[in-house]
Amino acid sequence: MMSLFFSFYGLIFYTNESFTGATMYLFAGIFMTGSFMINYGQFLVAWESAYFDGILTRNYPMGAYFKSKLILFTFTGVVCYILTIPYIYFGTEILYMHTAAFLYNIGINSMVLKFASTYNYKRIDLSQGSAFNYQGTSAVQFVIVLPLLILPILLFKGVEIIWGQNVGFIVLGSVGLLGLASSPYLIKEITKNFYEKKYKMAAGYRAKD
């Protein structure tokens with residue numbers, strides 16, 4: 001529901017003269033095309049905290065787990081991207097930017113979220129209400145904002161200054177495609193990191209406070 005709500009985020013940016021320029025538009029594009037990914041991915045493994053010990057005892061192949069999350073992120077990213085296509089009304093460059101942001105999200109940000117999830121040791125009780133619920137929130141959620149939003153903006157801005165806006169779109173999208181092509185290796189490394197952290201995660205998920 002929150003992801004659907006954030007699909008209207010562009011109406012704030014693209015109709016307000018205070019928010020102008022490719023940098024601000026890119027921020028909106030990353031947020032809208034990756035809204036589900038960001039909201040859900042921040043607590044990726046923690047969603048299973050209630051039965052995490054069961055996952056460990058059943059010797060579940062976590063490589064398949066993280067691969068399935070990539071499929072989920074890609075599918076929801078496509079849906080979010082489609083929902084933003086009508087913003088082409090404000091200019092074709094908006095569509096180009098959303099396309100680049102979408103590719104970067106599924107190729108790079110999805111991997112960043114999965115990797116960061118192995119450092120979140122706070123449990124989530126799914127029986128609790130969602131209003132004003134800060135379960136699972138830790139410093140990880142604040143630190144992760146930097147690579148998710150700032151790095152793609154810096155990358156785009158650096159390329160735009162030298163070669164122009166269109167090349168910036170191409171480079172940003174290409175980096176995303178490169179990340180997606182490298183996903184088997186990246187998922188393998190994320191899984192390796194998970195196995196190194198799994199007992200610390202299990203201890204954190206058992207805590208009641």
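**Exercise 1. Contacts along the chain**

Among contacts in the chain between residues at least 6 apart in sequence, what percentage join residues at least 24 apart?

Solution. Start with the term: a contact means heavy atoms within 4.5 Å. Next, keep the contacts between residues at least 6 apart in sequence; of these, 77% join residues at least 24 apart.

The model is predicted: local features need pLDDT of at least 70, side-chain atom pairs count only at pLDDT 80 or more, and totals for chains, interfaces and linings use all residues. Residues are numbered from 1 along each chain as its sequence is written, and side-chain values use heavy atoms, with hydrogens and water left out.

**Exercise 2. The fold as a whole**

State how many helices and strands the chain has, and judge its compactness.

Solution. Helices (H or I, at least four residues) and strands (E, at least two) are DSSP runs, numbered from the N terminus. By this count the chain has 11 helices and 0 strands. The radius of gyration, taken over C-alpha atoms, is 18 Å, close to the 17 Å that the globule rule gives for 209 residues, so the chain is as compact as a globular protein of that length. The rule itself is 2.2 Å times the number of residues to the power 0.38. Along its principal axes, the C-alpha trace spans about 50 × 40 × 25 Å.

**Exercise 3. Buried or exposed?**

Classify Phe 73, Val 78, His 98 and Ile 153 by relative accessibility.

Solution. Buried means under 20% relative accessible area, exposed over 50%, and partly exposed in between (1.4 Å probe, protein chains only).

- Phe 73 lies in helix 6 (residues 62-84); its relative accessibility is 0%, so Phe 73 counts as buried.
- Val 78 is also placed in helix 6; at 34%, Val 78 counts as partly exposed.
- His 98 is found in helix 7 and, at 1%, counts as buried.
- Ile 153 belongs to helix 9 (residues 145-163) and, at 16%, counts as buried.

For the chain of 209 residues, 45% count as buried.

**Exercise 4. Neighbours in space**

Which residues do Phe 73, His 98 and Ile 153 touch, not counting residues up to four places away in sequence?

Solution. Take the residues in turn. Phe 73 touches Met 37, Tyr 40, Gly 41, Leu 44, Ile 106, Ser 110 and Lys 114, with residues up to four places away in sequence not counted. Under that exclusion, the partners of His 98 include Tyr 14, Gly 29 and Met 32. For Ile 153, again leaving out residues up to four places away, they are Thr 23, Leu 26 and Phe 27.

Then set sequence beside space. Ile 153 and Met 24 are 129 residues apart in sequence and 8.8 Å apart in space, C-alpha to C-alpha. Val 78 and Tyr 121 are 43 residues apart in sequence and 30 Å apart in space, C-alpha to C-alpha.

**Exercise 5. Helix 11**

Where does helix 11 bend, and what covers its buried residues?

Solution. Helix 11 (residues 183-206) bends by about 55 degrees at Lys 197. The bend at a residue is the angle between axes fitted to the seven residues ending there and the seven starting there. Lys 197 is itself buried, and other buried residues of helix 11 include Ile 187, Ile 190, Thr 191, Phe 194 and Met 201. An α-helix has 3.6 residues a turn, so residues three or four places apart point the same way. The cover over the buried residues of helix 11 includes helix 5 (52-57), helix 6, helix 7 (92-117) and helix 10 (165-181).
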